[in-house]
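Let's take a walk through this structure together, one piece at a time. Keep the picture open and follow along as the residues come up.

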Amino acid sequence: MASVVGSQAIISGTFSIINQSQALSCFPRVKVVHTSAKVHGQIYIPEINWMLMVLCIAVTVGFRDTKHMGNASGLAVITVMLVTTCLTSLVMMLCWHRPPALALAFFVFFGSIEALYFSASLTKFLDGAWVPLLLALILVAVMFVWHHTTVKKYEFDLHNKVTMEWLLALCDRLGMVRVPGIGLVYTDLTSGVPANFSRFVTNLPAFHRVLVFVCVKSVPVPRVLPAERYLVGRVGPPGHRSYRCIVRYGYRDVHQDVDSFETELVESLASFIRLDALFRCSDARSDADYERENAFTVIGSNPLRRRISYDDTHDSASSVEIRVDSPTGSSRTNTIELAAVAAPRVVKRVRFLVDPGSPDAEDKQMLEELHELCEAREAGTAFIMGHSHVKAKPGSSLLRRLAIGYGYNFLRRNCRSPDVVLRVPPASLLEVGMVYVL
């Protein structure tokens with residue numbers, strides 16, 4: 001019975017640790033299945049489950065002796081207890097704000113007892129206790145290679161990004177063509193234009209009429225409130241119709257399907273356009289103190305937040321209405337309808353109801369921008385993602401060439417691709433190749 005309970009605890013703990021490590025970019029992407037609609041932390045990872053099964057069979061067939069298996073299990077258990085004691089001492093000081101003397105007393109009392117058992121288990125290292133240490137070294141090596149290369153790729157993108165001024169000047173020289181539709185460019189950068197997109201427009205001088213640089217971030221918290229999920233800002237002047245959207249997920253959040261994500265993203269852009277117009281018309285704004293083009297707006301938690309009402313029917317149509325209220329409380333509204341692509345026999349409409357207010361230049365610009373967003377949404381959405389290949393710099397050490405050139409590329413080819421993780425439809429996916437020399 002103790003073995004059954006222990007095995008279930010190991011399986012559940014392994015799933016949780018791998019899921020959190022993946023969210024923090026410390027482990028290759030794997031499939032995470034949320035088995036409960038109510039309990040978000042209840043997950044299942046098929047790849048890890050199969051690996052555990054193979055390891056259990058390999059250890060059993062290899063040892064064929066419960067004594068050696070007990071030695072391996074004993075070292076693993078006492079090491080977990082010792083590490084937990086060390087981490088608990090840090091939590092007492094850093095999180096619970098207890099006196100350091102209390103944390104030290106806790107560590108000395110429990111750590112000394114566990115250290116005796118740990119030293120006793122080390123004496124049986126050659127009799128089977130080496131197995132958990134070997135598995136731990138392999139796991140640490142995989143996590144280190146993945147995390148190190150991921151960080152280096154981000155630094156490469158950060159150093160090779162281009163400014164919006166360069167892109168605007170390039171558009172003027174090449175005679176850039178703006179095609180109908182919305183282009184969602186996925187990038188890890190929160191500022192600037194990624195290098196893969198600059199190479200894309202250099203070789204193919206055309207991109208979509210509405211351009212959105214989407215940055216999906218996994219933050220080290222369990223869940224992000226829906227009202228704080230989207231941060232929207234402008235990239236370049238308003239006439240360029242380019243935006244940046246940072247989408248934040250916690251490590252226990254479930255990624256939305258493409259239809260709901262696309263709808264919420266367009267709603268957030270429409271709300272941002274309205275809030276930005278109100279901000280530009282505000283008399284309290286000072287251009288010397290604040291630069292709007294470099295700022296982000298949290299869509300949903302703003303005091304001028306949109307009011308969303310859903311009108312679902314049981315027949316062949318359903319509608320979603322987004323109302324952006326004016327602070328003046330005016331009842332006159334203009335309607336911009338946005339038809340979304342849906343499944344057969346299901347029609348979705350998104351309507352932005354905005355107060356026309358006074359017919360000044362800012363309001364005309366806002367209405368024109370919303371109309372263009374509506375037309376681009378009807379024309380369709382393309383998902384532009386980078387397809388990377390990593391290799392080590394010339395003259396790198398043998399260990400670095402093996403880790404980056406072979407280890408990381410092997411893990412990348414055998415893990416889930418970003419388009420699958422983000423649930424991007426293959427028919428709308430456009431991949432841009434990029435070679436990273438790290």
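Glu 262 has a relative accessibility of 11%, so this residue counts as buried, the limit being under 20%. Keep in mind that you're looking at a predicted model. Which residue does Glu 262 pair up with in a salt bridge? The partner is Arg 377, and the closest N and O atoms of the two are 3.3 Å apart. Glu 262 sits in helix α8 and Arg 377 in helix α9, so this salt bridge ties together parts of the chain that are 115 residues apart in sequence. Arg 377 is tucked away too: its relative accessibility is 5%, so Arg 377 also counts as buried.

That pair isn't alone, as a search of the whole structure turns up 6 salt bridges. Stay with helix α9 for a moment and look for Glu 372, whose side chain meets that of Arg 209 in a salt bridge of 3.5 Å, N to O. Arg 209 belongs to strand β4 while Glu 372 lies in helix α9, so here the tie spans 163 residues of sequence. Are these two residues buried or exposed? Glu 372 has 14% relative accessibility and therefore counts as buried. Arg 209, with a relative accessible area of 27%, is partly exposed.

Glu 372 has another partner as well. Arg 241 forms a salt bridge with Glu 372, and this time the closest N and O atoms are 2.9 Å apart. The two come from distant parts of the chain, 131 residues apart, with Arg 241 in the loop between β5 and β6 and Glu 372 in helix α9. The side chains of Arg 241 and Glu 372 are also joined by a polar contact of 2.9 Å. Arg 241 has a relative accessible area of just 5%, so Arg 241 is buried. Put the pieces together and you get a network of salt bridges linking Arg 209, Arg 241 and Glu 372.

Now for the nonpolar side of things. In soluble globular proteins, nonpolar side chains tend to be buried together. The largest nonpolar core here has 32 residues, and the members that touch the most others are Ile 182, Leu 184, Tyr 186, Val 212, Val 214, Phe 261 and Leu 373. Several elements give two or more residues to this core: the strands β3 (177–186), β4 (206–219), β5 (230–234), β6 (242–250) and β12 (381–391), plus the helices α8 (258–281) and α9 (361–379). Which element gives the most? That's α8, with 10 residues. There is also a second, separate core, made of 15 residues, and Met 164, Phe 197, Val 201 and Ile 384 are among them.

Not every nonpolar residue is hidden, though. On the surface you'll find a nonpolar patch of about 790 Å², made by Leu 55, Leu 122, Phe 125, Leu 126, Trp 130, Leu 133, Leu 134, Leu 135 and Ile 138. Helix α5, running over residues 130–160, gives the most to this patch, with 5 residues. Trp 130 is found in helix α5, and at 36% relative accessibility Trp 130 counts as partly exposed.

What does the UniProt record say about this part of the chain? An unreviewed UniProt entry places the feature "transmembrane region" at residues 43–63, 75–94, 100–118 and 125–146. You can hold two of those spans up against the model. Residues 43–63 are 86% helix and 10% strand, with end C-alpha atoms 31 Å apart. Residues 100–118 are 100% helix and 0% strand, and their end C-alpha atoms lie 25 Å apart.

To finish, look at two places where the chain comes back to a far-off part of itself. His 34 lies in strand β1 (residues 33–34) and, at 26% relative accessibility, counts as partly exposed. The C-alpha atoms of His 34 and Val 254 are separated by 8.0 Å, although the two residues are 220 apart along the chain. The other place is at Val 424, in the loop between α11 (418–421) and β13 (429–437). Val 424 is buried, with a relative accessible area of 7%. Between the C-alpha atoms of Val 424 and Asp 257 there are 8.2 Å, while 167 residues separate them along the chain.

How values were computed:
Residues are numbered from 1 along each chain as its sequence is written. This is a predicted model: local features need pLDDT of at least 70, side-chain atom pairs count only at pLDDT 80 or more; totals for chains, interfaces and linings use all residues. Side-chain values use heavy atoms; hydrogens and water are left out. Patches are made of residues with over 30% relative accessible area and no salt bridge: like charges are joined within 9 Å, nonpolar side chains (Val, Leu, Ile, Met, Phe, Trp, Tyr) within 5 Å. Accessible areas come from the Shrake-Rupley method with a 1.4 Å probe; for residues, only the protein chains shown count as cover. A salt bridge is a side-chain nitrogen of Lys or Arg within 4 Å of a carboxyl oxygen of Asp or Glu. Helices (H or I, at least four residues) and strands (E, at least two) are DSSP runs, numbered from the N terminus. Buried means under 20% relative accessible area, exposed over 50%, partly exposed in between (1.4 Å probe, protein chains only). A nonpolar core is a set of buried Ala, Val, Leu, Ile, Met, Phe, Trp, Tyr and Cys residues joined through side-chain atoms within 4.5 Å. UniProt positions are given in the numbering used here, feature names are shortened, and annotations may be inferred rather than shown by experiment. A polar contact is a pair of N or O atoms within 3.5 Å; within protein, one must be able to donate a hydrogen and the other to accept it, and residues adjacent in sequence count only if both atoms are side-chain atoms.
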